[in-house]
Amino acid sequence: AMDVRLLRPEEAAAVAATLRHRFVVADRLERQRRDECLYLVAWEGGTPVGQALLHRRRPSALAVAGVVDSLPYIEDVFVLPEWRNRGIGTALLEAAESAAAARGDRGVSLAVSTGNAAARRLYTRRGYVDAGVPVHCHATTEPGFDGDGQSGNETVVDLVKRLDAVTAAAWPAARGGGSRDAR
């Protein structure tokens, strides 16, 4: 069974080997320790196959507009290509939404590349709607596995979802790091 849970320090090496550069993983773990975000990882048989980052509020570097900026922000929803179309992206979003609802948040936001039709379909199926913010560019920078950085700009549209119907009971205590079975 697939499992979505908060990343634990002892799992960082496995995630760094498959999903993100070790510097990114270390930074996210530290920010999670400080309760600034939740680093959610999907596991299949002990292998990390997907991830998502839930910020308490949209990072100031990505600020776009008042109400949208005050919502929790889901970033970097990613599933390894060979594991896509198996419900992992849905499980990651469910975990992020449930964690936000458990903290009492009434909505979440995210930004999706205008060229990523598959992700946009997933978000639409999950109830995300256009936030009414003009399409804009995000600067992107990420260390590569080979040590070289990758940077550029990505044109994105902002989406929001109300959490009124999301059950917080599906997620253990937001800081507890417990397991959530996402079948």
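Confidence in this predicted model averages a pLDDT of 86 over the protein chain, and 83% of the residues score at least 70. One stretch calls for a little care: across residues 173-183 the pLDDT stays under 50, although the model has 30 contacts there beyond four places in sequence. Where pLDDT is low, the predicted coordinates should not be read in detail.

A good place to begin exploring is the interior. In soluble globular proteins, nonpolar side chains tend to be buried together. Here the largest nonpolar core contains 31 residues, and Val-4, Ile-74, Leu-92, Leu-110, Tyr-123 and Tyr-128 have the most contacts inside it. At least two residues of this core come from each of several elements, including strand 1 (3-6), strand 4 (73-79), strand 5 (107-113), helix 5 (117-125) and strand 8 (149-162). Helix 4 provides the largest share, with nine residues. Another core, of 13 residues, lies apart from this one and has Leu-7, Ala-12, Val-15 and Ala-16 among its members.

Strand 1 also holds a charged residue, Asp-3. Asp-3 counts as buried because its relative accessibility is 12%, below the 20% limit for that class. Its side chain meets that of Arg-5 in a polar contact of 2.5 Å.

Two further arginines are found over aromatic rings. The charged end of Arg-20 sits over the ring of Phe-78, 4.6 Å from the ring's centre. Arg-86, in turn, lies over the face of Trp-83, with 4.5 Å to the ring centre. As for rings paired with one another, the structure holds one aromatic pair.

How values were computed: Residues numbered from 1 in each chain as written. Predicted model: local features only at pLDDT ≥ 70, side-chain atom pairs only at ≥ 80, totals over all residues. Heavy atoms only, no water. pLDDT = per-residue confidence, 0-100. Contact = heavy atoms within 4.5 Å. Phe/Tyr/Trp six-rings, centres within 6.5 Å; stacked < 30°, edge-to-face > 60°. Lys NZ or Arg CZ within 6 Å of the ring centre and 35° of its normal. Core = buried A, V, L, I, M, F, W, Y, C linked by side-chain atoms within 4.5 Å. Buried < 20%, exposed > 50% of the residue type's maximum accessible area, 1.4 Å probe, protein only. Helix = DSSP H or I, 4+ residues; strand = E, 2+ residues; numbered from the N terminus. Polar contact = N/O pair within 3.5 Å; in protein donor to acceptor, adjacent residues only side chain to side chain.
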